[in-house]
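My notebook is open and the viewer is loaded. I'll jot down what I look up as I go.

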Amino acid sequence: MPYQEKKIYVSIFSALIVIGFFSNYIFGLSQDGRFDGADASVVMGKSIIALIFISIAANILLQVIFAIINAIITRESAEFEADERDKQIEQKGMQGFLIAFSVGYVASMAALALGSAPHMVFFGVTASMFFGSIIGDIVKLFFYRRGF
Amino acid sequence: MAKRRISNNIRRLRFDHDEMTQKQLGEKVGVTRQTIVAIEKAHYSPSLEVAFQIAHVFGAPLEDVFSFQPDGAPD
């Protein structure tokens, strides 16, 4: 399997782990009644800021671990440079991400319009960002598998 | 998928150049082996620059490496 495809699998794995932990964390806060008070938006804001930094750190860490393990097993060096086909596939992935994120964003706003709690709407927007990233990765995987 | 109208002779040209591998060609042109595979199978049409670079590696004019089949032309 080409290096770029393996990198995408690691990225999907990383996004699933982070969103899994984040959903569990938010559910715990919700069960504890942390979103019932006046500072619900503050709690959500802090959680999302923490999530952004944790997700970046987790992705970098997993990619480094993957590059090391891959180099040991396959003896192939990591490919940091992208050629023109990689860049075009990256753009296709970005389109997939933006479409999925837009759908999630509109759905979250619709939920807000129908009376959902604002902290749940924030959660919806954040979750759509992560699912959009997974969709973008799947689109990239599709084009890598097909050739373009 | 739309029918590809650009075909190429890269496989034959590699064979004629001492069985040059896809990896070697990729290194000379500055793309990955997977991109050479995709170009060879006509799954991906390269940029003009890469197309000219491939032709330059084989020392052949561009039209000897790539050919274009216009719409409505017989196969």
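**Chain A, the overall layout**

I read along chain A and wrote down the pattern α-α-α-α. That fits the tally for chain A, which is four helices and zero strands. A reminder to myself: this is a predicted model.

Next I looked up the box around the C-alpha atoms of chain A, and it is roughly 55 × 30 × 20 Å along the principal axes. Chain A has 148 residues, and 38% of them count as buried. I also checked contacts in chain A with a separation of 6 or more: residues 24 or more positions apart account for 80% of these.

**Salt bridges**

I keep one general idea in mind here: side chains of opposite charge can pair when their charged atoms come close. Over all chains, I get a count of six salt bridges.

I started with A:Arg145 and A:Glu5, whose closest N and O atoms are 2.9 Å apart. Which parts of the chain does this pair tie together? A:Arg145 sits in helix 4 (residues 118–146) of chain A and A:Glu5 in helix 1 (residues 3–31), so the bridge ties together parts 140 residues apart in sequence. Are the two partners buried or exposed? A:Arg145 is exposed at 52% relative accessibility, while A:Glu5 is buried at 5%.

Then I went to A:Lys140 and A:Glu90, which meet in a salt bridge at 3.5 Å, N to O. A:Lys140 is in helix 4 of chain A and A:Glu90 in helix 3, so this pair ties together parts 50 residues apart in sequence. I noted A:Lys140 as buried, because its relative accessibility is 14% and the cut-off for buried is under 20%. A:Glu90 is partly exposed at 43%.

In chain B I found B:Asp16 bridged to B:Arg12, with the closest N and O atoms 3.3 Å apart. Both lie in helix 1 (residues 10–16) of chain B, four residues apart, which is about one turn of the helix. B:Asp16 is partly exposed at 47%, and B:Arg12 is partly exposed at 43%. Back in chain A, I saw that shared partners join A:Glu90, A:Asp137 and A:Lys140 into one salt-bridge network.

**Aromatic rings**

I counted seven aromatic pairs over all chains. For A:Phe101 and A:Tyr105, the ring centres are 6.1 Å apart and the planes are at 45 degrees, so I call the pair tilted. These two residues are both in helix 3 of chain A, four residues apart, about one turn of the helix. A:Phe101 is partly exposed at 21%, and A:Tyr105 is partly exposed at 39%.

I did the same for A:Phe143 and A:Phe148: their centres are 5.8 Å apart with planes at 45 degrees, so this pair is tilted too. A:Phe143 counts as buried at 12%, and A:Phe148 counts as buried at 13%. Ring pairs link A:Phe142, A:Phe143, A:Phe148 and B:Tyr44 into a cluster.

**Where A touches B**

My last stop was the contact between the chains, which takes ten residues from chain A and 13 residues from chain B. Chains A and B bury about 970 Å² between them, 52% of it on carbon and sulfur atoms. How many salt bridges cross this interface? I found zero. I did find seven residue pairs in polar contact between the two chains. On the side of chain A that touches chain B, helix 3 (residues 84–113) gives the most, with four residues. By class, I sorted that side into two nonpolar, two polar and six charged residues.

Definitions and conventions: Residues are numbered from 1 along each chain as its sequence is written. Chains are lettered from A and ligands numbered from 1 in the order in which they are written. This is a predicted model: local features need pLDDT of at least 70, side-chain atom pairs count only at pLDDT 80 or more; totals for chains, interfaces and linings use all residues. Side-chain values use heavy atoms; hydrogens and water are left out. Contact means heavy atoms within 4.5 Å. Buried area is the accessible area (1.4 Å probe) that two parts lose on being put together, summed over both. A salt bridge is a side-chain nitrogen of Lys or Arg within 4 Å of a carboxyl oxygen of Asp or Glu. A polar contact is a pair of N or O atoms within 3.5 Å; within protein, one must be able to donate a hydrogen and the other to accept it, and residues adjacent in sequence count only if both atoms are side-chain atoms. Ala, Val, Leu, Ile, Met, Phe, Trp, Tyr, Cys and Pro count as nonpolar, Asp, Glu, Lys and Arg as charged, and the others, Gly among them, as polar. Rings of Phe, Tyr and Trp (its six-membered ring) pair if their centres lie within 6.5 Å; planes under 30 degrees apart count as stacked, over 60 as edge-to-face and the rest as tilted. Buried means under 20% relative accessible area, exposed over 50%, partly exposed in between (1.4 Å probe, protein chains only).
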